[in-house]
Amino acid sequence: MSSTRPFAEIRDVAMRYGGVEGTLALRGTTMMVEKGEFIAVVGPSGCGKSTLMRLVTGLWPATEGSVIVAGREVDRPLSIAGMGFQNPTMLPWRTILQNVMLPLEVVEPHRRRLRAERAAYEAKARALLASVGLAGFEKRYPWQLSGGMQQRASLCRALIHDPQLLMLDEPFGALDIFTREDLWSVLQDVWIERRPTVILVTHDLREAVYLADRVLVMSSRPGRIIAEQVVPFGRPRRLEDTYAPAFTDLVHTLRNQIDEARKAAPADAENLTHAA
Ligand SMILES: Nc1ncnc2c1ncn2[C@@H]1O[C@H](COP(=O)(O)OP(=O)(O)OP(=O)(O)O)[C@@H](O)[C@H]1O
């Protein structure tokens, strides 16, 4: 494998749910992601963003095209990925610490080592929780925490096995704006410190520009990447930067691109069911 190869290569992918007459969610979708890059994916509602995440993490096979991550064709759920969703889906009968440690019971080589090295793993989980402001909450249950705190814990759970790839699907979508902005900064700090490759799906264009190195815009369904904006601002980014003209201009450009994509939808819709 050449060292210049992208970390994730998604080439000409199509995805149809439910057989030949089913819903064509993606078609001709191509994107490359470099190792350690922070990518945001934005686009009209229902354009196939979550579907793209499922294909990259191996939760669904693509109908056509190829998905290669870390030099390997993705044909099963990726153990090198950590995932975060809008709903933190914590197990209510487990404490926060036990929830964070859950991936270690599933993902090798941690699963094999967990019994012998439990104390070290537990220390790591505690340190992670402390880094997102949750020191002291380890023994609480998820239902004893606010939505924002659960989302912080869920970020720790996504990171506990040191994933090379962090896939985040609308992780802050259900939170109020202040909590959301707080967590942008938490996520940025985590990324700067650990440098996983991140693919973030979001509807929030400020969030996309604040966090990402590059923002990819998808067309309406069947989704494909139709535009890309490189975010030129240095790190760490601060909340007040989001009000600077260069920042808001970029947000507006993205908004216009998504508007254009939405307007193009009826023409594309003609081909949805029977397209190859
Ligand atoms: N499991 C499934 N079975 C059948 N159709 C599905 C399934 N999952 C998604 N779809 C369809 O595929 C299309 C793309 O859905 P997807 O959830 O990927 O879009 P999205 O861009 O993430 O949507 P949103 O922005 O609203 O979250 C939609 O028409 C959706 O109804």
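This section describes the open sheet, the helix packed on it, the ligand shell and the setting of Arg-16 in a predicted model.

The model contains an open sheet of six strands, arranged in the order β6-β7-β8-β3-β9-β10 with mixed pairing. Strands β6 and β10 (residues 225-230) form the edges, each pairing on one side only. From one strand to the next, the twist averages 15°. Helix α1 (residues 49-56) packs on this sheet and touches β3 (residues 38-42), β7, β8 (residues 197-201) and β9. The direction of α1 makes about 150° with that of β8.

Strands of a sheet pair through backbone hydrogen bonds, in either a parallel or an antiparallel sense. Both arrangements were examined at the two ends of the sheet. At one edge, β6 runs parallel to β7 (residues 165-169), and five bridges join the two strands. Within this pair, Gly-82 has Leu-166 of β7 as its bridge partner. Although β6 is an edge strand, four of its five residues (81-85) are buried, so β6 is largely enclosed by the rest of the structure. At the other edge, β10 pairs with β9 (residues 214-218) in the antiparallel sense, again over five bridges. Here, Val-215 is matched with Gln-229 of β10 as its bridge partner.

The ligand is surrounded by Tyr-17, Gly-18, Thr-23, Ala-25, Ser-45, Gly-46, Cys-47, Gly-48, Lys-49, Ser-50, Thr-51 and Arg-221. Two elements, β2 (residues 23-33) and α1, each give two or more residues to this shell. The largest share, three residues, comes from α1, the helix that also packs on the sheet. Classified by residue type, the shell comprises three nonpolar, seven polar and two charged residues.

Arg-16 is found in strand β1 (residues 8-17). With 22 other C-beta atoms within 10 Å, Arg-16 meets the threshold of 20 or more and is therefore buried. Leaving aside residues up to four places away in sequence, Arg-16 touches Gly-22, Thr-23, Leu-24, Ala-25 and Thr-63. Two of these contacts, Thr-23 and Ala-25, also belong to the residues surrounding the ligand. Arg-16 and Asp-189 lie 173 residues apart along the chain, and their C-alpha atoms are separated by 37 Å.

How values were computed: Residues numbered from 1 in each chain as written. Predicted model: local features only at pLDDT ≥ 70, side-chain atom pairs only at ≥ 80, totals over all residues. Buried ≥ 20, exposed ≤ 12 C-beta atoms within 10 Å, placed from the backbone. Pairing = 2+ DSSP bridges. Contact = placed C-beta atoms within 7 Å. Axes fitted to C-alpha atoms, helices over the stretch in contact; angles between N-to-C directions. Near = placed C-beta within 6 Å. Nonpolar A, V, L, I, M, F, W, Y, C, P; charged D, E, K, R; others polar.
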